[in-house]
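Got your viewer open? Load the model below, switch to cartoon and come along.

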Amino acid sequence: MHTSEPTTRQAPQPTPQELQQRLIRVVGAAIMRNDTVLCAQRGSGKSLAGYWEFPGGKIEAHETPQQALHREIEEELQCEIIVGSELCTTRYPYDFGTVELTTFLCHLVGGEPHLTEHQEVRWLSPNHLHELDWAPADREAVKLLEGMPSTVCVVSDFSEAMQS
Ligand SMILES: Nc1nc2c([nH]c(=O)n2[C@H]2C[C@H](O)[C@@H](COP(=O)(O)OP(=O)(O)OP(=O)(O)O)O2)c(=O)[nH]1
């Protein structure tokens, strides 16, 4: 008599190329205070550990980028921000997926940043940002901030926020 073994079927694993094509939508907050920008270093155990980034995270399906940013900053840094104008949107193909990062100019309006996930935070003036090792997806935003007088960041951010 022929008996057949039960077979377990596993979903095919994505190829490295398919993985890289997966689009991950992320928002980052360039939080300004007194002509300085908040820079955050990713903690160990996370993807891109040790790189510097603008705090934020993945946009969930029901959220606007601004809502995602408010939620992420409350969760990660336990403080409140005003989200101002968009600085830029860039795409970078990491091996785990392509991150589409939209960075917004923001202001701190409530509380002090508390470290919950990050290893370290620093407030740096825009002309010192290049001294840190930024995640590749952030380098365009860093370049734009460096080329922008900090007073311009503050003014454009606030005028947008007041209109919304
Ligand atoms: N939050 C943030 N993420 C960034 C920036 N630049 C950049 O490449 N990323 C990457 C890192 C992550 O792979 C992804 C953001 O996801 P996330 O911040 O929610 O990551 P996560 O805590 O869930 O950690 P993980 O699961 O990716 O390890 O985008 C940035 O400026 N801010």
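The tour goes from the annotated domain to the sheet, the core, the ligand and two odd loop residues.

Before you click, note that this is a predicted model: local features need pLDDT of at least 70, side-chain atom pairs count only at pLDDT 80 or more, and totals for chains, interfaces and linings use all residues. Residues are numbered from 1 along each chain as its sequence is written.

**Stop 1: the domain.** Select residues 22–146, where UniProt (unreviewed entry) places "domain: Nudix hydrolase"; UniProt positions are given in the numbering used here, feature names are shortened, and annotations may be inferred rather than shown by experiment. Over residues 22–146 the chain is 17% helix and 45% strand, with the end C-alpha atoms 30 Å apart. Helices (H or I, at least four residues) and strands (E, at least two) are DSSP runs, numbered from the N terminus.

**Stop 2: the strands.** Colour β5 (80–94) and β6 (97–110). They make a hairpin with two residues between them, pairing antiparallel over twelve bridges (strands pair if DSSP finds at least two bridges between them). Zoom in on Tyr92, which stands opposite Val99 in β6. Now add β1 (23–33): ten bridges join β1 to β6, and these two run parallel. Leu23 stands opposite Thr98 in β6.

**Stop 3: the core.** Show Ala29, Ala30, Ile31, Val37, Phe104 and Cys106 as spheres; they have the most contacts inside the largest nonpolar core, a set of 32 residues. Such a core is made of buried Ala, Val, Leu, Ile, Met, Phe, Trp, Tyr and Cys residues joined through C-beta atoms within 7 Å, buried being 20 or more other C-beta atoms within 10 Å of a residue's own, placed from the backbone. β1 gives the largest share, six residues.

**Stop 4: the ligand.** What comes nearest to the ligand? Of the 16 residues around it, pick Gly28, Ser47, Glu53, Gly57 and Ala137 (near: C-beta atom, placed from the backbone, within 6 Å). β1, β4 (56–58) and β6 each supply at least two residues of this shell.

**Stop 5: two loop residues.** Most residues other than glycine have a negative phi. Leu48 has a positive phi of about 55° and sits in the loop between β2 (36–41) and β3 (52–53). Gln78, in the loop between α2 (65–77) and β5, has a positive phi near 55°. Buried or partly exposed? Gln78 is partly exposed, with 14 other C-beta atoms within 10 Å (exposed means 12 or fewer, and partly exposed lies between that and buried).
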